[in-house]
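Here is a short report for a reader new to this structure. Look over the sequence and the model, then read on.

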Protein chains: 4
Amino acid sequence: MSDGVFAIAMTLLVFNIQIPDLADIKTGADFHNKMQEQVPHIFSWLLSFAILCRLWLTHNHLMSDHTSKSASFTSWNFLLLGAVAFTPFPAGLLGEYPDQTWSVILLSITYAVAALSIAGMWCIAPNRASAGARRVVLISLVMLLTSISASLLAALNPFWGLILWIVYVLGIAPLAHFLERYVFRGGDKIEGE
Amino acid sequence: MSDGVFAIAMTLLVFNIQIPDLADIKTGADFHNKMQEQVPHIFSWLLSFAILCRLWLTHNHLMSDHTSKSASFTSWNFLLLGAVAFTPFPAGLLGEYPDQTWSVILLSITYAVAALSIAGMWCIAPNRASAGARRVVLISLVMLLTSISASLLAALNPFWGLILWIVYVLGIAPLAHFLERYVFRGGDKIEGE
Amino acid sequence: MSDGVFAIAMTLLVFNIQIPDLADIKTGADFHNKMQEQVPHIFSWLLSFAILCRLWLTHNHLMSDHTSKSASFTSWNFLLLGAVAFTPFPAGLLGEYPDQTWSVILLSITYAVAALSIAGMWCIAPNRASAGARRVVLISLVMLLTSISASLLAALNPFWGLILWIVYVLGIAPLAHFLERYVFRGGDKIEGE
Amino acid sequence: MSDGVFAIAMTLLVFNIQIPDLADIKTGADFHNKMQEQVPHIFSWLLSFAILCRLWLTHNHLMSDHTSKSASFTSWNFLLLGAVAFTPFPAGLLGEYPDQTWSVILLSITYAVAALSIAGMWCIAPNRASAGARRVVLISLVMLLTSISASLLAALNPFWGLILWIVYVLGIAPLAHFLERYVFRGGDKIEGE
């Protein structure tokens with residue numbers, strides 16, 4: 001249950017960052033001002049998330065319920081969890097302001113950090129030479145590329161950025177299947193069992 | 001803890017979809033207008049839920065804490081989890097507007113998707129011929145039938161739809177017990193232990 | 001992760017039940033009226049909680065990650081989880097209205113249901129004759145008695161009910177320790193290992 | 001799933017404590033008054049958290065899914081989980097009022113309690129003589145010292161307290177690495193495997 005309490009507290013922290021209300025926002029400048037008001041909240045989230053990560057690590061050592069991973073692997077994993085736990089904020093922002101450039105860019109940055117973390121974990125994973133792990137890193141590079149392209153497209157027109165993400169969601173599963181079958185053949189289990 | 005952070009972020013996404021306030025709603029037309037305002041939020045939820053599902057799958061391959069399931073089985077499972085994570089929204093809508101046809105229909109659709117996913121998982125499960133698995137699929141078909149009937153009844157009168165769901169909740173446990181004892185006898189463990 | 005999504009969705013359902021705002025409430029009668037407005041929400045929570053319980057059971061059979069427990073044991077456990085998941089509502093109500101009789105009574109009823117479920121699970125548990133299990137049931141009977149007494153005291157004066165709960169919280173750990181050491185001796189592990 | 005429902009209900013309890021609204025607060029005195037209004041909520045959170053901890057312990061004995069820990073170890077762990085579950089409140093307060101002394105002090109007290117619990121768990125842990133466990137307790141003492149110093153600094157100027165926490169977050173990982181390599185050499189696994 002300890003892990004659950006940590007996971008929930010770390011994820012709920014993001015709910016202190018408020019999505020500005022539609023009624024208060026008339027122009028793009030209002031949107032920027034309202035977002036700047038959330039900067040201390042984002043800083044507070046970052047600080048407490050980092051402290052809880054460290055605390056969980058120490059707690060975990062005493063409980064010794066889990067197998068040890070290397071320190072660098074754990075750091076990349078915490079970066080990934082940070083991006084995942086942060087997701088409800090940009091997703092809520094996008095739902096409220098789908099026509100704002102920064103909604104799409106913030107969502108894309110969040111997923112770019114997640115994709116980078118996966119790639120970082122891969123660099124350290126002991127099984128990184130296996131066909132399965134090479135497939136994992138290729139898919140996360142596709143995600144990173146989608147994030148960067150979606151940010152650039154959103155700078156021109158937010159809807160194009162969104163469309164790229166929809167293409168990603170629809171296309172990534174067939175792509176993963178294709179890679180598994182024809183490019184990196186290695187059974188459907190990563191560990192080479 | 002990683003799984004927990006993913007599960008929580010994916011479930012909390014649905015809380016960005018706001019239940020329209022009772023004070024703002026006077027007629028059925030107001031209700032429809034307010035619901036349409038939530039369409040971008042529902043789209044944003046779908047997009048982020050799908051991306052997080054994919055990310056979890058990739059992450060899980062690197063962590064290799066879990067036994068591999070086939071890709072189709074995982075897809076059906078994600079559809080089920082999507083329906084489950086979505087539940088707080090139609091449940092909240094029903095609590096606020098129990099007399100609105102669409103509250104009952106949206107709840108029923110959510111559970112229909114869940115029942116369909118269970119049936120889909122059954123089609124692929126390696127143990128689908130066992131008595132236990134046949135019982136599972138029959139119960140999920142009863143749930144699917146209840147969902148469809150409750151939607152149709154709600155179109156006439158929302159309360160009839162609700163009564164059907166109450167009948168389902170009260171009747172499904174005895175039905176499962178009856179099936180287990182007299183129809184598909186196969187011990188009380190699915191795996192045939 | 002599936003278990004996590006179910007657990008979170010089931011617990012978050014209770015957040016659709018709103019704690020009436022302090023500003024709107026002047027008299028005890030206002031409090032009752034506001035609480036009655038939450039009745040459809042409580043009904044909706046009950047309905048969706050019950051459906052999700054059933055769905056999880058079916059899903060669990062297909063995934064077969066868990067050891068099977070008997071159907072009655074699972075039912076008592078779901079009743080317990082329902083009481084636990086409901087806790088944030090009476091706890092929030094108590095924080096907002098510590099001087100209202102019904103805040104204390106609702107909190108006490110919630111814990112009475114939890115204590116009853118533990119007792120119900122004990123009746124079916126295969127290891128119920130062991131010293132450890134007899135200790136568990138005695139402690140849950142103390143909790144049930146506290147709930148009933150606190151409800152009765154709160155009907156006279158809500159603060160007396162609260163004080164009884166504080167006595168319970170402070171006294172139950174020493175009581176459990178005393179029972180373990182002098183009354184039901186059976187090692188500190190329930191299973192008699 | 002039972003553990004998940006307990007963990008979530010215990011963590012969500014803290015969301016009944018409301019962060020005072022920026023618009024209502026003009027002076028430090030307003031801030032104190034608004035915080036005092038939250039005292040019953042904090043009391044209600046403490047009460048329900050303690051009751052749920054006890055309930056989980058009893059439930060866990062009946063389910064016997066977990067290995068038994070000693071009663072004192074569990075108590076320290078519950079104190080830690082309480083501090084962790086409480087975190088979203090001071091973190092939200094800090095995000096809303098980064099310039100208020102009490103925001104930083106409350107955050108520091110929360111982490112001081114967490115660090116103390118880790119130290120308390122260490123005193124009882126059977127493997128406390130190992131190099132790894134000595135490292136854990138040293139890191140938690142650094143955290144405790146940071147909490148106390150940050151509180152004192154915040155009494156002079158809240159921003160200095162924050163800067164100390166930032167230094168902690170940036171410096172603790174290199175410190176842990178240094179201790180592991182040069183001071184308490186004991187492999188990178190605590191259990192001495």
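Which residues of chain A does the UniProt annotation "transmembrane region" cover? The record, an unreviewed entry, gives residues 39–57, 78–95, 101–124, 136–156 and 162–179 of chain A. UniProt positions follow the numbering used here, feature names are shortened, and annotations may be inferred rather than shown by experiment.

This is a predicted model: local features need pLDDT of at least 70, side-chain atom pairs count only at pLDDT 80 or more, and totals for chains, interfaces and linings use all residues. Residues are numbered from 1 along each chain as its sequence is written, chains are lettered from A and ligands numbered from 1 in the order in which they are written, and side-chain values use heavy atoms, with hydrogens and water left out.

Two of the annotated spans of chain A are set out below. Helices (H or I, at least four residues) and strands (E, at least two) are DSSP runs, numbered from the N terminus.

| Span of chain A | Helix | Strand | Distance between end C-alpha atoms |
|---|---|---|---|
| Residues 136–156 | 100% | 0% | 31 Å |
| Residues 162–179 | 100% | 0% | 25 Å |

**Chain A with chain D**

Contact means heavy atoms within 4.5 Å. Here 30 residues of chain A meet 49 residues of chain D. Together the two chains bury about 3500 Å², 77% of it on carbon and sulfur atoms. Buried area is the accessible area (1.4 Å probe) that two parts lose on being put together, summed over both. Zero salt bridges (a side-chain nitrogen of Lys or Arg within 4 Å of a carboxyl oxygen of Asp or Glu) are found between chain A and chain D. On the side of chain A that touches chain D, α1 (2–12) and α3 (39–63) each supply at least two residues. α3(A) gives the most, with 16 residues.

**Chain B with chain C**

This contact takes 49 residues from chain B and 30 residues from chain C. Buried area is about 3500 Å², with 76% on carbon and sulfur atoms. Salt bridges between chain B and chain C number zero. On the side of chain B that touches chain C, α1 (2–12), α4 (71–86), α5 (88–96), α6 (101–124), α7 (131–156) and α8 (158–183) each supply at least two residues. α8(B) has the largest share, eight residues.

How are chains B and C related? A turn of 90 degrees and a shift of 0.0 Å along the axis lay chain B on chain C with an RMSD of 0.0 Å. The two copies are thus related as by a four-fold rotation axis. Superposition is by least squares on the C-alpha atoms of residues with pLDDT of at least 70 in both. In chain B, G4(B) has the C-alpha nearest the axis, 4.4 Å from it.
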